[in-house]
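Q: I would like a close look at one part of this protein, set against the chain as a whole. Please take me through it step by step.

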Amino acid sequence: MRVLVAAASRHGSTTDIARAIGTALMLRMVETDVRPVEQVVRLETYDAVVLGSGIYMGRWLQPAKQFIEANTDELLKRPVWLFSSGPLGDPPKPVEEPADAARLVEATHARGHRVFAGSLDKHELGITERAMVAAVHAPEGDYRPWDDIDAWAGEIVAELVAAPV
């Protein structure tokens with residue numbers, strides 16, 4: 001079994017989550033490729049897909065949404081899981097699902113969607129992003145729940161083993 005873990009990330013936090021998922025899958029003996037969505041050329045060689053995106057202004061990043069639109073037929077032929085990264089703080093806010101998550105789950109027939117807290121380093125932001133972060137009083141720091149991410153990867157493996165592709 002071969003799984004693709006792909007993500008759209010603006011500053012790398014979501015990419016780190018994708019890498020952690022990929023590592024967790026590999027440690028559970030699943031052949032895994034981790035790639036930015038922009039570098040995925042074909043899906044035919046994968047038995048399952050885990051796809052994620054950073055959340056900005058409550059929505060998935062365009063490259064991830066475009067990836068789904070361009071690959072819907074292939075995604076529907078295999079199991080898909082989606083993850084979003086973006087809430088900040090302890091507890092993470094906002095608590096709402098991304099505005100487009102339900103539509104993306106439906107479009108891909110995803111077996112699940114998970115929202116993970118993200119991280120924010122204000123020094124990595126451009127001037128417009130800094131203004132937005134200041135306006136919403138977003139807290140700086142790394143809030144990614146590494147144990148939850150690892151556990152979710154374990155759930156994916158268990159589901160793949162229970163119902164092989």
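Which residues of helix α2 are buried, and against which elements do they pack?

A: It helps to begin with the whole chain, which is a predicted model. A compact globule of 165 residues would have a radius of gyration near 15 Å, and the chain agrees with this because its own value is 15 Å. Along its principal axes the C-alpha trace spans about 45 × 30 × 25 Å. The chain holds 5 helices and 8 strands, and from the N terminus on these elements follow the order β-α-β-β-β-α-β-α-β-β-α-β-α.

Of the 165 residues, 44% are buried, and the accessible surface comes to about 8700 Å², with carbon and sulfur atoms supplying 53% of that area. Of the contacts between residues at least 6 apart in sequence, 78% join residues at least 24 apart. The side chains include 17 positive and 24 negative ones, and the centres of these two sets lie 3 Å apart.

Against this background, helix α2 covers residues 62-75 and bends by about 45 degrees at E69. The buried residues of α2 are A64, K65, F67, I68, N71, E74 and L75, a list that takes in the charged side chains of K65 and E74. In general, an α-helix has 3.6 residues a turn, so residues three or four places apart point the same way. The buried residues of α2 pack against four strands and a helix, namely β1 (2-8), β3 (48-56), β4 (59-60), β5 (80-85) and α3 (101-108).

Two of those partners, β5 and α3, are joined by a loop that deserves attention for its backbone. P91 is found in this loop between β5 and α3, and the peptide bond that joins D90 to P91 is cis, with omega at about 10 degrees. P94 has its place in the loop between β5 and α3 as well, and there the bond from K93 to P94 is cis, with omega near 5 degrees. As a general point, most peptide bonds are trans, and most residues other than glycine have a negative phi.

Positive phi values are found in two other loops. M29, in the loop between α1 (13-27) and β2 (31-36), has a phi near 70 degrees, although M29 is a residue other than glycine. M29 counts as exposed because its relative accessibility is 76%, where exposed means over 50%. H109, whose place is in the loop between α3 and β6 (112-116), has a positive phi of about 55 degrees and is not a glycine. With a relative accessibility of 58%, H109 likewise counts as exposed.

A last loop residue, P139, is found between α4 (127-136) and β8 (141-142). P139 is partly exposed, because its relative accessible area is 30% and the partly exposed class runs between 20% and 50%. Leaving aside residues up to four places away in sequence, P139 touches L88, G89 and L120. The C-alpha atoms of P139 and S13 are separated by 15 Å, with their positions 126 residues apart along the chain.

To return to the part you asked about, α2 is a helix with a bend at E69, and its buried residues pack against β1, β3, β4, β5 and α3.

Terms used:
Residues are numbered from 1 along each chain as its sequence is written. This is a predicted model: local features need pLDDT of at least 70, side-chain atom pairs count only at pLDDT 80 or more; totals for chains, interfaces and linings use all residues. Side-chain values use heavy atoms; hydrogens and water are left out. The radius of gyration is taken over C-alpha atoms; the globule rule is 2.2 Å times the number of residues to the power 0.38. Buried means under 20% relative accessible area, exposed over 50%, partly exposed in between (1.4 Å probe, protein chains only). Contact means heavy atoms within 4.5 Å. Accessible areas come from the Shrake-Rupley method with a 1.4 Å probe; for residues, only the protein chains shown count as cover. The place of a charge is taken as NZ of Lys, CZ of Arg, CG of Asp or CD of Glu. The bend at a residue is the angle between axes fitted to the seven residues ending there and the seven starting there.
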